[in-house]
Amino acid sequence: TLLEERGQELAQLRAKIKILEAECNELEEEKQKIKRRLQEIRIPELSSVSAAADEGKNIDPSNSIVMSDDGSIKGGTVAKLVEMFTHEKYRDDATAFLLTYRAFTTSADVLDKLVQRFLTSPPPNLTEEELKKFKETELRTIQLRIVNMIKNWLTNHFFDFEADMQLLFRLFLFVDNIIEPVLKSTAEQLRVLIGKKLAGTKFKELTIDPKLFPKTIPPRDLNNFEFEELDNREIARQMTLIEQNLYRVIKPQECLGQAWSKKNKAVAAPNILRFISRFNRVSSWVCYNIVKHEALSKRVSMLEKFLKIAKELKKLRNYNSVQEILSALAASPVYRLKKTWEALSSKYQQLNQSLQKSLSNEANYSAYRAMLRSESPPCIPYLGVYLTDLTFIEDGNSDTINGGLINFSKRRKIAFVIREIQQYQQTPYLLESVTQIADYLEDVDGLDEQQAYELSLQNEAREIRPVSERE
């Protein structure tokens, strides 16, 4: 009956209310714990660092900060590094710190140190006038720079707070209980920023007039086509859109500590792994599509097609996909096809040489790096170069110096590479996705190298030289 249904609904609502009350009690307990933690944070003495930093010397007697001869920060404790970032000279280092701190400390510890620095105590024995001046000038400057660092953290690294709601709750307490009493409007700005990030933390597609997109080039029948029928330019466009979506979600923390090669890589660097997997699948697909043909003319035709696709990819500045194709052409199953390569016209021989030269690993990819520096986004760089750079930095520099201080010079170098990766993540390509072609190219795969090599031998056997030509 209707009365029974209403009774059941009421019982369910009462049960939900009890659950919510229990959750509220748990949150209140957590809130009180965090408040006590904030109160327990040690408030440090103000260090007079400016003069020593200008001279390139150690900042304090305990040697918790070390400076290079050029006056840059070489190493230090987390607390001292945060202290240094509130000085004008080292503001840029704060960005490097936020990109790399996960390699040597936790988000909770960083927030603690920011709170400590915000609550900096005045030097002892100040007169009333000196104390007033300290609060209005030096302390206020420190506090505003701490706020700017928090804004940077929220704007560019909000994933830290998405992954740890307790951290976010502690930040709210910091804003409400410590920042607001001294910087009311600034506290409100921080709350608004947090609210915006919570409301829209996912990547938002730009609203772009479709008229700005180049006209697509579909095959005669979009629902029933062969790869050979697809236009090379459209293949390049769809490959670029696929890889852009993979590239732009790579996170800074995935670039730390060679996370993509560790045992927990699936958790520590999932987006880099997906990008690498895509590279390998495309390369094996290119390789298979060349070696699978028995007819020499077919192999030559397919080789020409992939060179033309690589040319279009290069025009789009999608260097990662260019390298996927070049990697396949340099793999043993394709490289050994002597008759196929000899049958390739001089036009395509020259195109292959030009592409190989532009992404050559000679002199640490110097030609490619110079080319990349001259380009503007949108662009998809060859990720392998960045991973090689990061590996070189990690292996060639110790994590700590001077008996345990964080080697910040190393972190600065890593941050430089991460910023290069990031600069190409922001600008989208003005290209229209063609669902049927994109789906086809998403699912490409080939054979492993041994299987591809056996197929290569089957369709183009080794040349057996006459006995008279053998040594």
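## Exercises on a predicted model

In this predicted model, helix α10 passes helix α13 in a right-handed crossing.

**Exercise 1.** Find which residues of α10 and α13 make the contact, and classify how the two helices lie to each other.

*Solution.*
- Step 1. On the α10 side, the contact is formed by Asn232, Arg233, Ile235, Ala236, Met239 and Thr240. On the α13 side, Lys305, Lys308, Ile309, Glu312 and Leu313 take part.
- Step 2. Sorted by class, these contact residues comprise 5 nonpolar, 2 polar and 4 charged.
- Step 3. α10 spans residues 232–247 and α13 spans residues 296–315. Their axes are 8 Å apart, and the packing angle is about 55°.
- Step 4. Angles of 65 to 115 degrees count as roughly perpendicular and those under 35 as roughly parallel. The angle of about 55° fits neither range, and α10 and α13 are therefore oblique to each other.

**Exercise 2.** Do the same for α12 and α21: what is the angle at which they cross, and which residues make the contact?

*Solution.*
- Step 1. Helix α12 covers residues 270–291, and helix α21 covers residues 435–442.
- Step 2. Their axes come within 11 Å and cross at roughly 95°. The range for roughly perpendicular is 65 to 115 degrees, so α12 and α21 are roughly perpendicular to each other.
- Step 3. From α12, Arg278, Arg281 and Trp285 make the contact; from α21, Tyr440, Leu441 and Glu442 do.
- Step 4. This contact has 3 nonpolar and 3 charged residues, and no polar ones.

**Exercise 3.** State how many cavities of 30 Å³ or more a search of the whole structure finds, and describe the lining of the largest cavity.

*Solution.*
- Step 1. The search finds 1 cavity of 30 Å³ or more.
- Step 2. The largest cavity holds about 80 Å³ of space.
- Step 3. It is lined by 12 residues, and the closest to its centre are Gln244, Arg248, Tyr424, Gln425 and Thr427.
- Step 4. The lining divides into 7 nonpolar, 4 polar and 1 charged residues.

**Exercise 4.** Locate Gln258 and Pro378 in the chain, and say what is notable in the backbone at each.

*Solution.*
- Step 1. Most residues other than glycine have a negative phi, and most peptide bonds are trans.
- Step 2. Gln258 is not a glycine, yet its phi is positive, at about 50°. Gln258 sits in the loop between α10 and α11 (265–268).
- Step 3. The peptide bond joining Pro377 and Pro378 is cis, with omega about 5°. Pro378 belongs to the loop between α18 (366–373) and α19 (383–396).

Conventions: Residues numbered from 1 in each chain as written. Predicted model: local features only at pLDDT ≥ 70, side-chain atom pairs only at ≥ 80, totals over all residues. Heavy atoms only, no water. Axes fitted to C-alpha atoms, helices over the stretch in contact; angles between N-to-C directions. Helix = DSSP H or I, 4+ residues; strand = E, 2+ residues; numbered from the N terminus. Parallel < 35°, antiparallel > 145°, perpendicular 65-115°, else oblique. Left-handed = near helix turned anticlockwise from the far one by under 90°. Contact = heavy atoms within 4.5 Å. Nonpolar A, V, L, I, M, F, W, Y, C, P; charged D, E, K, R; others polar. 1 Å grid on protein atoms, 1.4 Å probe; cavity = no way out; pocket = protein on both sides within 12 Å on 5 of 7 lines; lining within 4 Å. Points joined across faces, edges and corners; volume = space filled by probe spheres on them.
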